[in-house]
Every structure is written in structure tokens, then in C-alpha cells.
Amino acid sequence: MKNTIYTILILSLSFFTACTTDFEEKNTNPNAPVSVQPGLLLRQVIYDFGEQMSYEGFAAGDLLSQHRTALDFNLFDRHALKSPQLGGNPWPIFYTNLRDNELLLKQAQEVETFKVYEGPALILKAYMAQGLTDLFGDVPYFEAFNGIDGTVTAPYDAQENIYLAEGGILDNLDQGIAAINAYSGAVALEGDLFFDGDLSKWIQFANSLKLKALMRISSQENVAAAIASIYAEGNFITTNADNAVFDFTSSAPNSFRFAQLRAGDFNNFVLSETMEDILTDLDDDRISVFFRPFANSTSGEFNGLINGIDASQTSIEPANYSLAGTLFRENTAQLDANFMTAWETHFILAEAAEKGFISADAESLYNQGVQLAFDYWLTDLPAEYLTGPAAYYAAGTTPVQQIITQKWIANLINGYEGWIEWRRTGFPEFRAVAASLNDGIIPVRMPYPAEEQALNADNYQAAAAATNDNSLNSPVWWDN
């Protein structure tokens with residue numbers, strides 16, 4: 001994890017209105033956004049998206065991915081995904097930040113002085129668009145982020161096009177790299193919470209994101225040549241020092257949000273039985289970083305709870321279950337908002353090697369990914385870890401199962417990535433929730449939010465019809 005602590009300036013931007021305080025240029029139209037300096041806007045998009053999705057990852061993503069479970073206010077944990085409670089509503093986070101990022105991109109493309117921001121803005125657009133469509137499937141995209149020229153009634157675009165068409169995820173990553181390579185100006189990139197203005201690291205970030213996007217769609221598209229080309233070039237994130245992350249602080253206002261909430265909210269989330277079993281079976285020391293021994297333990301033990309209990313019918317004593325570790329409350333200066341890392345890149349390449357997409361030693365890439373993930377989570381890798389149940393060729397497992405399980409472990413609080421990768425691969429094996437509100441079926445997509453039905457009715461109806469009435473069980477394009 002990075003050691004730099006940032007003080008974040010929150011701009012409180014919105015799509016339709018904005019405050020003009022403290023900015024040099026003021027727009028006289030009260031219904032249009034102010035002209036914000038691009039460095040402030042870049043900082044705002046990175047911080048706001050990272051902070052909010054880290055909260056979402058803890059409060060909702062970790063429930064879907066069965067890293068942790070909720071004791072109460074747990075309709076989401078029971079898979080009533082249309083009823084978000086403490087978390088579970090990422091839609092406005094994506095759209096607010098994608099629209100703010102579009103303002104940054106527009107400035108960069110129209111004002112020569114701001115040209116340095118074009119590449120990073122395109123890369124961030126691709127990153128956030130992938131997260132959005134991976135959760136929901138078809139979404140408003142090509143006409144949805146155009147600042148004051150945009151519309152709240154944009155049509156829904158097919159996920160396939162969002163990935164593959166001009167202006168889509170892969171194209172924007174390519175265009176972002178090209179814009180950085182073409183930039184020859186002297187203006188420095190400001191507001192860069194990831195790399196402190198180092199454009200070469202933005203290219204590494206983009207290439208790692210390309211590997212991720214290509215692997216995500218590999219069941220639908222022949223991606224081998226594209227992955228092999230990126231691997232041969234070697235210009236992707238390879239060390240934790242180059243991760244696309246930023247640190248939280250140890251105190252408000254920029255500490256991890258769960259450190260600022262009342263104890264009851266924090267204590268509502270405990271170790272999942274699924275997570276406990278996997279970490280225990282692997283003899284994985286990260287359990288003591290991720291969680292605490294349960295309060296009633298007499299010997300420092302950890303105890304998990306099955307996901308999705310009916311809190312009205314089940315009596316639970318919180319002291320019998322393991323809370324989240326001090327990293328998530330008392331020591332959040334050591335915690336990152338995670339966009340892309342070296343360990344994730346290595347696990348993607350290990351899978352690519354195992355599937356024959358690249359010519360490389362899959363086991364070596366896997367082992368490097370495990371080491372990087374332990375380092376990232378501030379845990380020493382035991383000498384025997386990679387020769388025991390976590391070994392690449394461990395009995396009773398497959399290499400791909402081992403790769404995805406290790407990626408799943410390390411993706412704690414990282415948005416909804418653990419659940420998304422489970423949908424793609426089926427690993428690790430999830431348990432049926434105790435009191436399902438989805439007919440015992442683990443969902444395979446997030447539902448469109450209720451406000452879409454109200455504000456974008458015609459387009460929503462078409463999208464709902466294509467997903468069996470906005471069903472949680474209707475797979476997205478790359479999952480078919």
C-alpha cells in the first residue's frame with residue numbers, strides 16, 4: 001500500500017447544479033455546472049468514486065461475494081437486491097462520476113492547455129464504464145455522460161457494444177494510451193491521486209485494465225492475440241509501488257467511511273462462513289488482518305456466520321462472530337481505495353497462461369500474484385503457503401480455481417469484483433444463503449434502480465423486457 005496521505009478537496013459537483021465558491025471561473029447560468037480547474041476535477045472523480053465504491057464494497061459487494069455477512073438490515077444479504085439498505089445502490093455513484101469525468105474529458109479535448117488530462121480521463125471512463133456494465137448489463141452509455149448536453153432519458157446500450165464499439169471500453173483504453181503517447185506539452189498533470197502526475201504509470205494502468213477487460217469477455221470473444229500482444233510488450237502494472245490506488249487517512253474526513261460511522265453500523269458486518277472456511281482451509285494468515293477474533297472467544301479464534309439469515313427469526317449474539325479488522329476502523333491510514341493492482345494483473349496473466357492465451361509459466365505468475373497480494377494486505381507470506389492447500393496444483397482443485405480463489409480473497413472491499421469473478425468462473429464455491437428472498441438462487445446481475453423506471457420509463461421498459469422484467473437471474477452478455 002502507498003504511504004502518502006492525501007488531503008482531499010471535495011468539490012460537491014453535480015450533473016445539473018454546482019456551487020461556484022472558490023473557483024476562478026464562474027458560470028452565470030445557475031442551471032449549468034461551473035468551469036472547474038481540471039486538476040481539481042480529476043482529483044474529485046478519483047477520490048469520490050474510490051471512496052464511495054470502497055464503502056459499497058464493504059457494505060454490499062462483500063455480502064454478494066460472501067466475504068462477510070450482515071446481522072441485521074440485511075435484505076441485500078438475503079438477495080433482495082432491489083431493496084438497498086446500508087449499501088447496494090452503486091448506480092448513482094457511477095453516473096455522477098462518469099458525468100463529472102466527461103466534463104474533464106471535454107475540457108481536455110477543447111482546451112489545448114488541458115490536453116494532458118485527455119488520456120487519464122479516457123482511461124477513467126473505461127474503468128468506470130466496465131464496472132457499471134459488469135454489474136447491470138445493458139446500460140445507458142453512449143448518450144448518457146455528456147455533461148449539460150446529456151439526457152436523463154438516454155437509451156440503454158448493449159453490453160457487447162459498450163465493450164467493443166468505437167467509444168467503448170477497449171477503444172477508450174487504446175485512445176487514452178494514444179493521447180498520452182502523443183502529448184508533448186509542458187503542463188503537468190495535477191490532481192493525480194494515483195501516480196502524482198507520472199503519465200507512464202497511467203499507460204501501465206490502462207494496459208492492466210485492457211487485460212482485465214479482455215479476460216472478462218473471453219467466453220464471447222477470441223482475445224488470445226490481444227492479451228498476448230500486451231504481455232509481450234510488458235508495459236503493465238508489475239509491482240505494488242505502481243498500483244492504481246490511493247490511501248485513506250487515519251481520521252475524518254478522509255478516513256474509510258466505516259471508521260466514521262456509529263459502532264452499530266460497523267458491528268453489523270461480520271465474517272462470512274464462506275470466507276472463514278476458505279481462509280481456514282488454506283491456513284491463511286490474512287484472516288487476522290481482515291477480521292478480529294470474536295469477542296466471546298477464549299483462544300483467539302475466528303467465527304463466521306452463514307449469509308442471509310432471517311434476523312426476525314434467528315437470534316444472533318454479535319459477540320460470537322468476528323468483526324472486521326482494525327484496518328477498517330482504527331487504522332484506516334493503511335487501507336487503500338483500490339482501482340487496479342499488480343496482484344490482480346498477475347492473476348489475470350496466470351489465467352491467460354493456463355488457458356494458452358500467452359506463452360508463460362502460469363504457476364510462476366500465480367505464485368508472484370499470491371506474494372504481491374500478501375504484501376498488499378500487510379501480511380508475511382508463510383514459507384509453506386504455496387506448497388500446501390494454496391499450491392497451484394493442489395489436490396482436489398484446478399489451477400483456474402486456485403487463481404480465482406486467490407483473486408477473490410484479495411478483492412475484499414474492492415467494489416463487487418469478487419461476485420463478478422464468481423459469476424464469470426464459478427469460483428470459489430458459494431453457499432446458499434440461509435433465508436433467500438430470490439428463490440434460493442444467487443443473483444447474476446444487479447437490478448436497474450427504481451428511479452430509472454420513473455425517470456427513463458420508455459428506455460427502462462425495453463431494458464427490463466430484455467432481462468426478464470429486470471430479473472436478478474438474467475445473465476449479462478459475457479456470462480452467457
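Helices and strands are taken here as DSSP runs, with at least four residues for a helix and at least two for a strand, numbered from the N terminus. In those terms V476 belongs to the segment that follows α17 (457-466), in what is a predicted model. With a relative accessibility of 4%, under the 20% limit, V476 counts as buried. Apart from its neighbours within four places in sequence, V476 is in contact with T133, D134, F136, G137, Q159, R423 and R445. One of these contacts, T133, is 343 residues away from V476 in sequence, yet the two C-alpha atoms are 8.5 Å apart in space.

Confidence should be considered before going further. The protein chain has an average pLDDT of 92, and 92% of the residues score at least 70. Over residues 3-34, however, the pLDDT is below 50, although this stretch has 60 contacts in the model beyond near neighbours in sequence. Where pLDDT is low, the predicted coordinates should not be read in detail.

The interior can be approached through its nonpolar cores. The largest of them holds 142 residues, and the members that touch the most others are F194, W202, F205, F328, Y416 and W419. Helix α1 (residues 38-64) gives the most to this core, contributing 13 residues. A second core, separate from the largest, has 5 residues, among them V270, L305, I309 and Y321. To return to F205, its contacts, not counting residues up to four places away in sequence, are I123, Y127, F194, F195, I237, A244, F339 and M340.

Two aromatic members of the largest core also have a charged side chain over the ring. R68 lies over the face of F328, at 5.5 Å from the ring centre, while R423, which is also in contact with V476, lies over the face of W419 at 4.5 Å from the ring centre.

Pairs of aromatic rings are found as well, and a search of the whole structure gives 45 of them. F58 and F269 form an edge-to-face pair, with 5.6 Å from centre to centre and 70° between the planes. Because F58 lies in helix α1 and F269 in strand β5 (residues 269-271), this pair ties together parts that are 211 residues apart in sequence. Both F58 and F269 are buried. F347 and Y366, in turn, form a tilted pair, at 6.2 Å centre to centre and with 50° between the planes. Here the link is between helix α12 (residues 342-354), which holds F347, and helix α13 (residues 362-376), which holds Y366, the two residues being 19 apart. F347 and Y366 are both buried.

These two rings are also in contact with a residue of another helix, namely Q406, whose place is in helix α14 (residues 399-410). Besides F347 and Y366, Q406 touches L282, R286, V370, Y385 and A390, when residues up to four places away in sequence are not counted. At 1% relative accessibility, Q406 counts as buried.

Helix α2 (residues 91-110) allows a check on geometry. At 1.5 Å a residue, its 20 residues should span 28 Å, and since the C-alpha atoms at its ends are 29 Å apart, the model agrees with that expectation. Helix α2 is also mostly covered, with 14 of its 20 residues buried.

Technical notes
Residues are numbered from 1 along each chain as its sequence is written. This is a predicted model: local features need pLDDT of at least 70, side-chain atom pairs count only at pLDDT 80 or more; totals for chains, interfaces and linings use all residues. Side-chain values use heavy atoms; hydrogens and water are left out. A nonpolar core is a set of buried Ala, Val, Leu, Ile, Met, Phe, Trp, Tyr and Cys residues joined through side-chain atoms within 4.5 Å. Buried means under 20% relative accessible area, exposed over 50%, partly exposed in between (1.4 Å probe, protein chains only). Contact means heavy atoms within 4.5 Å. Rings of Phe, Tyr and Trp (its six-membered ring) pair if their centres lie within 6.5 Å; planes under 30 degrees apart count as stacked, over 60 as edge-to-face and the rest as tilted. A charge sits over a ring if NZ of Lys or CZ of Arg is within 6 Å of the ring centre and within 35 degrees of the ring normal. pLDDT is the predictor's confidence in each residue, from 0 to 100. The expected span of a helix is 1.5 Å times one less than its number of residues.
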